Amino acid sequence: MAKIDAVKETLITLRVFFTVTIAMMIAIGGGLVNSYRQEIYDIMFWIGIISEVILMISVIFTIRKIKIKTKEIGDL
């Protein structure tokens with residue numbers, strides 16, 4: 001496999017991971033809003049808050065990696 005094909009495959013995988021992460025953030029966010037409106041601040045609410053923060057950090061690192069791989073394709 002050529003180097004460009006390997007980089008493209010990695011880039012595709014990162015984009016899929018990014019899409020799944022955003023979908024998870026939307027789903028968890030919806031549950032958090034629902035809990036907040038009903039004033040239910042149980043353990044699941046706080047786990048959801050922590051999960052959102054972790055997913056946000058994950059998105060930032062994924063975007064950085066996507067930028068690096070896109071630039072790498074441009075250099076090949």
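**View 1. Helices H1 and H2 are roughly antiparallel to each other.** Welcome to a predicted model, where we start with the pair of helices. Two packed helices are described by the angle between their axes and the distance between the axes. Here H1 covers residues 3-37 and H2 covers residues 43-75. Their axes come within 9 Å and cross at roughly 155°. Angles over 145 degrees count as roughly antiparallel, so H1 and H2 fall into that class. The crossing of these two helices is left-handed. As for the residues that make up the contact of H1 with H2, 20 are nonpolar, nine are polar and seven are charged.

**View 2. A salt bridge joins Glu 72 of helix H2 to Lys 3 of helix H1.** Let's zoom in on the charged side chains. The structure holds two salt bridges, and one of them brings together the side chains of Glu 72 and Lys 3, with an N to O distance of 3.7 Å. The two partners sit 69 residues apart, so this pair links distant parts of the chain. Is Lys 3 buried or exposed? Its relative accessibility is 54%, and because exposed means over 50%, Lys 3 counts as exposed.

**View 3. Glu 72 also forms a salt bridge with Lys 69.** For this pair, the closest N and O atoms are 3.6 Å apart. Both residues belong to helix H2, three residues apart, which is about one turn of the helix. Lys 69 has a relative accessible area of 16% and is buried. Salt bridges with shared partners join Lys 3, Lys 69 and Glu 72 into one network.

**View 4. Tyr 36 and Tyr 41 form an edge-to-face aromatic pair.** Now for the rings: a search of the whole structure finds three aromatic pairs. In the pair made by Tyr 36 and Tyr 41, the ring centres are 6.3 Å apart and the planes make an angle of 65°. Tyr 36 counts as exposed at 53% relative accessibility, while Tyr 41 is partly exposed, with a relative accessible area of 42%.

**View 5. Phe 45 and Trp 46 form another edge-to-face pair.** Their rings lie 5.1 Å centre to centre, with 85° between the planes. How accessible is Phe 45? At 7% relative accessibility, Phe 45 counts as buried; Trp 46, at 46%, counts as partly exposed. Ring pairs link Tyr 36, Tyr 41, Phe 45 and Trp 46 into a cluster. Phe 45 has its place in helix H2. Looking beyond the rings, Phe 45 and Ser 35 are 10 residues apart in sequence, and their C-alpha atoms are 6.8 Å apart in space.

**View 6. Glu 39 has a positive phi.** Our last stop is the backbone between the helices. Most residues other than glycine have a negative phi. Glu 39 is not a glycine, yet its phi is positive, at about 55°. Where is Glu 39 found? This residue lies in the loop between H1 and H2. Glu 39 has a relative accessible area of 62% and is therefore exposed.

Terms used. Residues are numbered from 1 along each chain as its sequence is written. This is a predicted model: local features need pLDDT of at least 70, side-chain atom pairs count only at pLDDT 80 or more; totals for chains, interfaces and linings use all residues. Side-chain values use heavy atoms; hydrogens and water are left out. Axes are lines fitted to C-alpha atoms, for helices over the stretch in contact, and angles run from 0 to 180 degrees between N-to-C directions. Helices (H or I, at least four residues) and strands (E, at least two) are DSSP runs, numbered from the N terminus. Angles under 35 degrees count as roughly parallel, over 145 as roughly antiparallel, 65 to 115 as roughly perpendicular and the rest as oblique. A crossing is left-handed if the near helix is turned anticlockwise from the far one by less than a right angle, and right-handed if clockwise. Ala, Val, Leu, Ile, Met, Phe, Trp, Tyr, Cys and Pro count as nonpolar, Asp, Glu, Lys and Arg as charged, and the others, Gly among them, as polar. A salt bridge is a side-chain nitrogen of Lys or Arg within 4 Å of a carboxyl oxygen of Asp or Glu. Buried means under 20% relative accessible area, exposed over 50%, partly exposed in between (1.4 Å probe, protein chains only). Rings of Phe, Tyr and Trp (its six-membered ring) pair if their centres lie within 6.5 Å; planes under 30 degrees apart count as stacked, over 60 as edge-to-face and the rest as tilted.
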